[in-house]
Structure formats: C-alpha cells, structure tokens
Amino acid sequence: MPGAMTADGKTPPPILETFEDALAKLPDGYVDGYFGNRPWGVTVKRSQDDKRTWLYGEELSGADIVSFNLYRLAGAGSTLKPCEMSSAKAIEFVLGFEAGTMKSPSRRMTAEK
C-alpha cells in the first residue's frame, strides 16, 4: 500500500518510533515554529481515544504544506497515511520541526535602530 507505513505488532522500526515520539511532543491545537529555517504554522488534533492523530502544517512564508493522519492499530502497530505526499516527507517534517521557536524580535529590533 503506497504511502503507508505499518508496524505489524512487532517492535516498530526505529525511524517510525522516533517519529511517533516527536509527534507526541507536539501540543494539541495550533503552534508555530520553524522547519528548514522557514516559519511554519502547524495544527495537531488527536481523537479522544488517541487512536488517530491528524497534523496539518503550512509554510508561512511560502506555499509548502504537510498533512497526514497517523492511526494506532490494535496491538502495537501504527499506520501513517500522508495526504498527497510521501511518508518520508511527513516523517522528515515532524522530526525536523521546532515548535514554538518564532524568534525574530532581535532582528526586528536591529532593523529599527
């Protein structure tokens, strides 16, 4: 099944486990931050039973987006379902996104002087 990564109840591959850990650290709701030295806005929603996590990210200074659902299956497995992109792009984004790091006041203050 293209675009899906499944851990079949055994120990998840290290990259998927690292991805899930990084995703779990993102807060519910909207957060801004940086990915690839560019500002991004990201919204994360989790189902009440915690079996589905939805993420939508939008580059604030461009046109790039990241969007996916992560489903936790019975047992220890998970399935990543990216929307209109590769699983690799979704994983790379979550691993590289730095939430809450909007930090350009020093640049603005320098420009005003």
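Modeller: Before we start, a contact means heavy atoms within 4.5 Å of each other. We're looking at a predicted model, so local features need pLDDT of at least 70 and side-chain atom pairs count only at pLDDT 80 or more, while totals for chains, interfaces and linings use all residues. Residues are numbered from 1 along each chain as its sequence is written, and side-chain values use heavy atoms, with hydrogens and water left out.

Colleague: Okay, in what pattern do helices and strands follow one another along the protein chain?

Modeller: Helices (H or I, at least four residues) and strands (E, at least two) are DSSP runs, numbered from the N terminus. The protein chain has three helices and seven strands. Reading along the sequence, you get β-α-β-β-β-β-β-α-β-α.

Colleague: What percentage of the 113 residues counts as buried?

Modeller: Buried means under 20% relative accessible area, exposed means over 50%, and partly exposed is in between (1.4 Å probe, protein chains only). Of the 113 residues in the protein chain, the buried share is 33%.

Colleague: Let's zoom in on helix 1 (residues 14-25): how far does it reach from its first C-alpha to its last?

Modeller: Helix 1 has twelve residues. The expected span is 1.5 Å times one less than the number of residues, which gives 16 Å for helix 1. The reach in the model is close to that, at 17 Å.

Colleague: The buried residues of helix 1 sit on one side, so what arc do they cover around the axis?

Modeller: The buried residues here are Leu-16, Phe-19, Glu-20 and Leu-23. An α-helix has 3.6 residues a turn, so residues three or four places apart point the same way. On the other side of helix 1, Pro-14 and Lys-25 are exposed. Going by the directions from the helix axis to the C-beta atoms, the buried residues are on the same side because their arc is only 95°.

Colleague: And helix 2 (residues 87-96): which residues are exposed on the side away from the buried ones?

Modeller: Start with the buried residues of helix 2, which are Ser-87, Ala-90, Ile-91, Phe-93 and Val-94. They cover an arc of only 160° around the axis, so they're on the same side of helix 2. On the other side, the exposed residues are Ala-88 and Glu-92.

Colleague: Which element gives the largest share of the largest nonpolar core?

Modeller: A nonpolar core is a set of buried Ala, Val, Leu, Ile, Met, Phe, Trp, Tyr and Cys residues joined through side-chain atoms within 4.5 Å. The largest one has 20 residues, and those with the most contacts inside it are Phe-19, Leu-23, Leu-55, Phe-68, Phe-93 and Phe-97. The elements giving two or more residues to this core are helix 1, strand 2 (29-35), strand 3 (38-46), strand 5 (65-72) and helix 2. The largest share, four residues, comes from helix 2.

Colleague: Which residues does Phe-19 touch, if we skip those up to four places away in sequence?

Modeller: Phe-19 is one of the buried residues of helix 1. With close sequence neighbours left out, the residues it touches are Phe-68, Leu-70, Leu-80, Ala-90, Ile-91, Val-94 and Leu-95.

Colleague: Now the rings: which residues form one aromatic cluster with Phe-93 and Phe-97?

Modeller: Rings of Phe, Tyr and Trp (its six-membered ring) pair if their centres lie within 6.5 Å; planes under 30 degrees apart count as stacked, over 60 as edge-to-face and the rest as tilted. Phe-93 and Phe-97 are a stacked pair, 5.3 Å centre to centre with 25° between the planes. Phe-93 is buried at 1% relative accessible area, and Phe-97 is buried too, at 9%. Their partners in the cluster are Phe-35 and Trp-40.

Colleague: What separates the C-alpha atoms of Asn-37 and Phe-97?

Modeller: Asn-37 lies in the loop between strand 2 and strand 3, and it's exposed at 76% relative accessibility. Asn-37 and Phe-97 are 60 residues apart along the chain, and their C-alpha atoms are separated by 9.5 Å.

Colleague: Last one: is Glu-84 buried or exposed, and at what relative accessible area?

Modeller: Glu-84 is found in the loop between strand 6 (78-82) and helix 2. It has a positive phi of about 60° although it isn't a glycine. Glu-84 is exposed, with a relative accessible area of 83%.
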